[in-house]
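Visitor: Could you take one part of this model and walk me through it closely, along with what lies around it? I would like one connected account that I can follow on the screen.

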Amino acid sequence: MSTTGATADPLATLASLPGVAESVESVRKAVDRVYGHRIMRRRSNEITSEAALRGARGSAALSGADWALEEVRRRTDFSGDDEARKVGAALRLTAESGQLLSIWRQSPLRVLARLHLVAAADGEDAVGRPRQDGEPVDEPLVELPLPGAAEVAGRLEGLSQLIIAGGAAPALVTAAVVHGELLALRPFGTHNGLVARAAERIVLIGSGLDPKSVCPAEVGHAELGRAAYLAALEGYVSGTPQGMAAWIAHCGRAVGLGARESTAVCEALQRGAA
C-alpha cells in the first residue's frame with residue numbers, strides 16, 4: 001500500500017481518489033436493492049445460505065477449481081484431487097468467516113491465521129503463520145513478484161493497525177485494500193487467494209454494508225474473469241492512484257454482481273422456482 005503515505009487515515013485518502021466515490025455509491029444502491037426485496041423479509045436465511053454456496057464456488061473458480069454450482073451443491077466429499085480440496089477449502093472458509101467477525105476488529109492477524117488453518121486443514125508447521133524466507137508459495141495464478149518475509153511481516157502489521165484503528169473510509173475501500181494487500185503479499189505458503197477473498201467477505205459483513213452476507217463478491221470476481229481480476233490486482237500492486245482506484249472499482253463491480261446474483265435468487269424464490 002505504497003500510496004498511503006504518512007496520513008493519519010490512509011484508507012480515507014484512497015476513498016477520495018477519482019471514481020472511488022462513484023463505485024461506493026453504486027455498491028450501496030446494489031446492496032440496498034437486495035435488502036429491500038420482499039423475499040428478504042421472510043426468507044433471508046435461505047438467501048444467505050445460497051449466497052454462501054455461490055460465493056464459495058466463485059472463490060474456488062478463481063483459484064483454479066471452476067466447478068458447476070450443482071456439482072458443488074451435490075458433493076459431500078472434497079478430499080479427492082487438488083480441485084476438490086480447493087472447493088472444500090472455499091466452503092469451509094465461507095462457513096468460518098461468520099464466526100470470526102467479533103475478533104476481526106481486535107485481532108485481524110489472529111483471524112488471518114485461523115482462516116489459513118481452516119483452508120489448509122492439516123497440521124503442517126507452516127500452516128497458520130506467515131511464511132519465512134526461502135519457503136515456497138503455491139499460488140500459481142498470481143505471478144507478481146513475491147515480497148520477502150520481512151516486508152510481509154511489516155505490511156501485515158500495518159494492515160492490522162489500520163483495521164484496529166478503524167476510520168471513516170467506506171466499507172468497499174477497506175475490503176478492497178484488505179483483499180489486494182493479502183494477494184500482493186501472499187503471506188502464507190498456500191491458499192492465499194481463498195484467504196484474501198474470505199477476508200474481503202468479513203470486512204463487508206462486519207462493516208454493516210452486507211450484514212446478512214447476501215452480496216457475495218466472490219461471485220462477481222469470478223464472473224468478471226480471472227484475467228480482469230489479475231489485471232486489476234496489478235493496478236493495486238503498482239501503488240499509483242489510478243491503479244489503486246481501478247482495483248477498488250473492480251472490487252465494487254464484483255460486489256454489485258454478487259448483489260445482482262442474490263436478487264435473482266430472491267426473484268426465483270418469489271416465483272416458486274427455487
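**A helix, its flanking loops and its surroundings**

Guide: Let's begin at Arg186, which has a relative accessible area of 3% and is therefore buried. Please keep in mind that this is a predicted model. Arg186 sits in the loop that links α9 (171-185) to α10. Its backbone deserves a look too: phi is positive, about 45 degrees, even though Arg186 is not a glycine.

From that loop we come to helix α10 itself, residues 192-206. With 15 residues at 1.5 Å a residue, α10 should span 21 Å, and its end C-alpha atoms are indeed 21 Å apart, so expectation and model agree. How many of its residues are buried? The count is 14 of the 15, so α10 is largely enclosed by the rest of the structure.

Leu115 gives a view of that enclosure from outside the helix. Leaving out residues up to four places away in sequence, Leu115 touches Val195, Ala198, Ala199 and Ile202, and also Leu93, Ser97 and Leu100. Leu115 also stands out in the largest nonpolar core, a set of 80 residues: together with Trp104, Leu112 and Trp247, Leu115 touches the most other members. As background, nonpolar side chains tend to be buried together in soluble globular proteins.

Now follow the chain past the end of the helix. Gly208 comes after α10 and has a positive phi, near 95 degrees. Asp210 lies in the loop between α10 and α11 (217-224). What does this acidic residue have for a charge partner? Asp210 is buried but has no salt bridge, and the nearest side chain of opposite charge, that of Arg201, is 6.1 Å away. For comparison, the cut-off for a salt bridge here is 4 Å. Beyond its neighbours within four places in sequence, Asp210 is in contact with Leu204 and Ile205, as well as Tyr35 and Cys215.

Ser213 belongs to this loop between α10 and α11 as well. Its phi is near 55 degrees, a positive value in a residue other than glycine, and its relative accessible area of 10% makes Ser213 buried.

Cys215, one of the contacts of Asp210, invites a question that many bench workers would ask: how many disulfides does the structure hold? There are 0. Cys215 takes part in none, and the nearest cysteine sulfur, in Cys266, is 9.4 Å away. Looked at from the other side, Cys215 holds the cysteine sulfur closest to that of Cys266, and the 9.4 Å separation is too far for a bond. Both cysteines are hidden: Cys215 is buried at a relative accessible area of 3%, and Cys266 counts as buried at 0% relative accessibility.

Next along the chain is α11, whose buried residues are Ala217, Glu218, Val219, Gly220 and His221. These buried residues pack against α3, α9, α10, α12 (226-238) and α13 (241-271), so α10, our starting helix, is among the partners. Just after α11 comes Gly225, with a positive phi of about 100 degrees.

One of those partners, α3, is worth a short detour, since its charged residues offer a contrast to Asp210. Glu50 is found in helix α3 (residues 38-62) and touches Leu69, Arg73 and Val265, not counting residues up to four places away in sequence. The side chains of Glu50 and Arg54 meet in a salt bridge, 2.7 Å from N to O. These two residues are 4 apart in helix α3, which puts about one helical turn between them. Arg54 is partly exposed at 21% relative accessibility, whereas Glu50 counts as buried at 15%. Through shared partners, salt bridges join Glu50, Arg54, Glu70, Arg73 and Glu261 into one network. Asp210, by contrast, has no salt bridge.

The whole structure holds 16 salt bridges. Another of them joins Asp32 and Arg28, at 3.3 Å from N to O; these two lie 4 residues apart in helix α2 (residues 20-35), about one turn of the helix. Here both partners count as partly exposed, with Asp32 at 41% relative accessibility and Arg28 at 32%.

Methods
Residues are numbered from 1 along each chain as its sequence is written. This is a predicted model: local features need pLDDT of at least 70, side-chain atom pairs count only at pLDDT 80 or more; totals for chains, interfaces and linings use all residues. Side-chain values use heavy atoms; hydrogens and water are left out. The expected span of a helix is 1.5 Å times one less than its number of residues. Buried means under 20% relative accessible area, exposed over 50%, partly exposed in between (1.4 Å probe, protein chains only). Contact means heavy atoms within 4.5 Å. Lys and Arg count as positive and Asp and Glu as negative; His and the chain ends are not counted. A disulfide is a pair of cysteine sulfur atoms within 2.5 Å. A nonpolar core is a set of buried Ala, Val, Leu, Ile, Met, Phe, Trp, Tyr and Cys residues joined through side-chain atoms within 4.5 Å.
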